[in-house]
Amino acid sequence: MTPHNLAEARNNARHRLEAAVVDLVAETYGQQAIAIRPIFPGALSHDRVADPLPGLWAAKLLAALARAEIGRQARHAREAGHTWHEIGQALELPNDDHRALSEAAFEYMTEGGYGDPNVTWRCPDLACGQLILDYGPYNGHPDDCERGHATACERHGRELAAWYDEREGE
């Protein structure tokens, strides 16, 4: 699913982000950390801008919060039954010859974690309602990719059946 007008969406997001930085600086540092300046030299229109150092602080904070929101949305996508490949498409990750898009998406979400990287999400109540440890798209067998489903989980049962059907077709 892509926006109807990607350029407009990016432009709107940029304006909202700039306004969020200014608002956060004003709330945290006070109005003395905000300047009014022409949008370009000699312009009659003016912009509110944050003092650069508090502005950097605010932008970094907003970036961290946005990164956390990406994680939350990815968990919601997994809960809704979307694959790591679909998540990679939504994140507009590059699709290269060295790894599958699904792997790139999982690594993006776990920041290439070491040890035993995983993403947790809750299996929808209609399935089993359990907290799932998702180890990514690497292992193939659904029991190795996702741990925590209830024994009678319909969703996991469908994933197992699809995996066995795929193996019989080979």
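**Close-up views of a predicted model**

**View 1. The largest nonpolar core and its best-connected members.** Among the 16 residues of this core, Trp-84, Val-119 and Cys-123 touch the most other members. A nonpolar core here is a set of buried Ala, Val, Leu, Ile, Met, Phe, Trp, Tyr and Cys residues joined through side-chain atoms within 4.5 Å, and buried means under 20% relative accessible area (1.4 Å probe, protein chains only). Two or more residues come from each of helix H2 (52–79), helix H3 (84–90), helix H4 (101–110) and strand E3 (119–122); helices (H or I, at least four residues) and strands (E, at least two) are DSSP runs, numbered from the N terminus. H4 gives the largest share, 5 residues. This is a predicted model, in which local features need pLDDT of at least 70 and side-chain atom pairs count only at pLDDT 80 or more, while totals for chains, interfaces and linings use all residues. Residues are numbered from 1 along each chain as its sequence is written, and side-chain values use heavy atoms, with hydrogens and water left out.

**View 2. The open sheet of 3 strands.** Its order is E3-E4-E5, with antiparallel pairing; strands pair if DSSP finds at least two bridges between them. E3 and E5 are the edge strands, each with a single partner, so one side of each has no neighbour in the sheet. Look for Asp-134 opposite Glu-146 in E5.

**View 3. His-149 in its loop.** Here His-149 sits between strand E5 (146–147) and helix H6 (154–168). His-149 is buried, at 14% relative accessible area. Its side chain makes a polar contact with that of Glu-146 (2.7 Å); such a contact is a pair of N or O atoms within 3.5 Å, where within protein one must be able to donate a hydrogen and the other to accept it, and residues adjacent in sequence count only if both atoms are side-chain atoms.

Methods:
Buried < 20%, exposed > 50% of the residue type's maximum accessible area, 1.4 Å probe, protein only.
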